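Here is a friendly walk through the fold you are about to see, with a helix as the starting point. Please keep the viewer open as you read.

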Amino acid sequence: MSRITRRKFLGLGALALPAALGANSAALETTSLRVTKLQHGPGPCRFVHFSDFHYRGEDDYAAEVVRTINQLAPNFVCFTGDLVEHARFAPAAFEFIRQIKAPVYGTPGNHDYQSGVPFSDFAEAFAATGGAWLTDRATLLPDFDLELVGFGRRSVHAFTAPQATRQILLMHYPQMANGLGRRFDLILAGHSHGGQVRLPFVGAIVLPKGVRPYELGFYETPGGPLYVNAGIGTYRIPFRWNCRPELTLITI
């Protein structure tokens, strides 16, 4: 007979919570967007970080995300992967990106690769905002003496000498911060979804590979300060509990 671990037992209990609390509670948590503020310097640069939309046609929610980002009036926006899972949703997801009224810089997640959508389509959508799709390449923001570096399949092998005083790394998997071979002023990641279901005093019950120990929020790592965004979408289980979807407003 197989044994169930304490963490798995708690996880099964956590997955039953939304049913016990009612479907309305689960739905409210899943789309109850929050803005987290991170002060990582005196300014004046302000930007929004978001991740893991897994867009499946949620037009009203997408409109709310766009509206909230635009109301924050950031200098630019960073996206750290998993815009879509399925190619049929890509055109609408790209339209959502184009509606953001600030340059959007993005890097791919595992589902963006798996979707089969050509990265040229991602590049076109992000360029339409004045931003860029950064896969194993970097871009300079001279007004802020800042370089954004995008992590792709070549990973650390694509890194070049810094071109600005400060470098921000955009990547999908938080755990990769342990093996970068150099330090960045800030690393932004996603992938974890914060676990989607979090128990008090326990944290995330289930996490994908490539996350631990960096499941949610701010950490000091060998590669530099890391912020792991909770994401704005869901995967596998279509709800969140004690882990609201997140936009991060960062001042640097």
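H3 has 14 residues, and at 1.5 Å a residue they should span 20 Å; the end C-alpha atoms of H3 are 20 Å apart, which agrees. Bear in mind that this is a predicted model. The buried residues of H3 are Tyr61, Ala62, Val65, Val66, Thr68, Ile69 and Leu72. Looking down the axis of H3, these buried residues fall within an arc of 165°, so they line one face of the helix. On the face turned away from that buried side you will find the exposed residues Asp60 and Gln71. Just after H3 comes Ala73, which takes a positive phi of about 50°.

What does the buried side of H3 join? The helix is part of the largest nonpolar core, which has 32 residues. Within this core, Phe50, Leu83 and Phe96 have the most contacts. Several elements give two or more residues to the core: strand S2 (46-50), helix H3 (59-72), strand S3 (76-79), helix H4 (90-98), helix H6 (119-127) and strand S14 (246-251). Of these, H3 gives the most, with six residues. Phe96 shows how the pieces meet: leaving aside neighbours within four places in sequence, Phe96 is in contact with Phe50, Phe53, Ala62, Val65, Val66 and Leu83. Apart from this core lies another, of 19 residues, among them Leu38, Cys45, Cys78 and Leu148. As background, nonpolar side chains tend to be buried together in soluble globular proteins.

H6 makes a good companion to H3. Its buried residues are Phe122, Ala125 and Phe126. Seen down the axis of H6, they fall within an arc of 95°, so they too line one face of the helix. The cover over these buried residues includes S3, H4, strand S4 (104-106), helix H5 (110-114) and strand S5 (132-133). The two helices can be set next to each other as follows.

| Helix | Buried residues | Arc of buried residues |
|---|---|---|
| H3 (59-72) | Tyr61, Ala62, Val65, Val66, Thr68, Ile69, Leu72 | 165° |
| H6 (119-127) | Phe122, Ala125, Phe126 | 95° |

Now to the strands. Six of them form an open sheet of mixed pairing, in the order S6-S7-S8-S9-S13-S12. Strand S6 (137-141) and strand S12 (217-221) stand at the edges, each with a single partner strand, so one side of each is left without a neighbour in the sheet. From one strand to the next, the twist averages 20°. Inside the sheet, strand S7 (residues 146-150) and strand S8 (residues 166-170) pair in the parallel sense over five bridges. Val149 has Leu169, in S8, as its bridge partner.

Leu186 is worth a stop too. This residue sits in strand S9 (residues 186-189) and is buried, with a relative accessible area of 0%. Not counting residues up to four places away in sequence, Leu186 touches His40, Phe47, Gln167, Ile168, Leu169, Pro225 and Ile250. Leu186 and Arg166 are 20 residues apart in sequence, and their C-alpha atoms are 8.5 Å apart in space.

Finally, the whole chain. The protein chain holds six helices and 14 strands, and buried residues make up 54% of its 252 residues. Among contacts with a separation of 6 or more, 68% are between residues 24 or more positions apart.

Notes. Residues are numbered from 1 along each chain as its sequence is written. This is a predicted model: local features need pLDDT of at least 70, side-chain atom pairs count only at pLDDT 80 or more; totals for chains, interfaces and linings use all residues. Side-chain values use heavy atoms; hydrogens and water are left out. A nonpolar core is a set of buried Ala, Val, Leu, Ile, Met, Phe, Trp, Tyr and Cys residues joined through side-chain atoms within 4.5 Å. Buried means under 20% relative accessible area, exposed over 50%, partly exposed in between (1.4 Å probe, protein chains only). Helices (H or I, at least four residues) and strands (E, at least two) are DSSP runs, numbered from the N terminus. Contact means heavy atoms within 4.5 Å. The expected span of a helix is 1.5 Å times one less than its number of residues. The arc is that of the directions from the helix axis to the C-beta atoms. Two strands pair if DSSP finds at least two bridges between them. Axes are lines fitted to C-alpha atoms, for helices over the stretch in contact, and angles run from 0 to 180 degrees between N-to-C directions.
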